[in-house]
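Grab a viewer and a notepad: here are a few short exercises, each with a solution worked step by step. Try each one yourself before reading on.

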Amino acid sequence: MNEQAPVITIDGPAGAGKGTIACMLAEKLGWRMLDSGAIYRVAALAALRRHLDLQDEDALAAIIPSLHIEFRDGEAWLDGAVVTSEIRNETCASATSKIAAFPAVRTVLLELQRSFQQLPGLVADGRDMGTVVFPRANHKFFLTASAEIRAERRLKQLSEQGLSAKLCDLIQDINARDERDANRPVAPLKPAEDAVLIDTSYLDQNEVFAAVLHHIV
Ligand code: C5P
């Protein structure tokens, strides 16, 4: 971690478009990017593979320090193997929001997330980047969109990958995940007081990106 390195945080619920905007911004600025959701997802995958009880906070927090989680060559790695697509399935997504609710799990993952703060700068994408992980970030954004629109975006993403799903199931999954993320006692999904809120429901990527750039330049 280098506290001199500037940080821009982009938080919000699943499907609000954070990831795409964070990538576009990191590329434009030539900064590193932290996809904190991917860190939580890799930890959840490790728990699923070990058949851990997803309610057992201590057991979950205990395995995390022994995991080798890396992001390189555009892939997510767990203990030396690529897990990029496996961490994106709905089973892993649902397990992720369960384990992410535990304070002990969040605490052991804090240091790893903060280690991404390096020069020339960092764009951090997640749920609590602006509130907990980088409270002194230079700029903070919170992206939202209606659950229906976020589910439609997910359906489109799945069909592009040749996968099928029912829109009503996706809306239900998204609502359940939002509910867990927003109501957990630690680091709940909520905008930082000094975050700029952007509703992306009726904006395309370029319009959202322009709105973000407008605030930072
Ligand atoms: O962003 P993504 O959808 O990949 O995140 C997966 C899950 O990880 C979220 O639903 C949330 O439960 C958890 N998460 C979190 N804090 C973050 C990023 C993700 O709790 N900063």
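**Exercise 1.** Find which ligand atom a polar side-chain atom of Ser-36 contacts, then work out how much of the ligand the protein buries.

*Solution.* Start with Ser-36: one of its polar side-chain atoms sits 3.0 Å from a nitrogen atom of the ligand. That counts as a polar contact, meaning a pair of N or O atoms within 3.5 Å. Next, go to the areas, which come from the Shrake-Rupley method with a 1.4 Å probe. On its own the ligand exposes 450 Å², and the protein buries 96% of that.

Before going further, a word on the ground rules: this is a predicted model, where local features need pLDDT of at least 70 and side-chain atom pairs count only at pLDDT 80 or more, while totals for chains, interfaces and linings use all residues. Residues are numbered from 1 along each chain as its sequence is written, and side-chain values use heavy atoms, with hydrogens and water left out.

**Exercise 2.** Look for ligand oxygen atoms with a polar side-chain atom of Arg-127 or Arg-184 beside them, and give the distances.

*Solution.* Take Arg-127: a polar side-chain atom lies 2.9 Å from a ligand oxygen. Then do Arg-184, where a polar side-chain atom is also 2.9 Å from an oxygen atom of the ligand.

**Exercise 3.** Describe the shell around the ligand by class, and say which helix supplies the largest share.

*Solution.* Begin with the cut-off: a residue is in if one of its heavy atoms lies within 4 Å. There are 17 such residues, and Arg-41, Arg-106, Asp-128, Arg-177 and Asp-181 come nearest. Now sort them: three are nonpolar, five polar and nine charged. Finally, assign them to helices (DSSP runs of H or I, at least four residues). α2 (36-49), α4 (90-99) and α8 (167-183) each give at least two residues, and the largest share, four residues, comes from α2.

**Exercise 4.** Work out how α2 and α4 pack.

*Solution.* Two numbers do the job: the angle between the axes and the distance between them. For α2 and α4 these are about 100 degrees and 8 Å. So α2 is roughly perpendicular to α4, a label that covers 65 to 115 degrees. Contact (heavy atoms within 4.5 Å) involves residues including Tyr-40, Arg-41 and Leu-48 of α2 and Thr-91, Cys-92 and Ile-99 of α4. By class, the contact has nine nonpolar residues, two polar and one charged.

Technical notes:
Polar contact = N/O pair within 3.5 Å; in protein donor to acceptor, adjacent residues only side chain to side chain. Nonpolar A, V, L, I, M, F, W, Y, C, P; charged D, E, K, R; others polar. Axes fitted to C-alpha atoms, helices over the stretch in contact; angles between N-to-C directions. Parallel < 35°, antiparallel > 145°, perpendicular 65-115°, else oblique.
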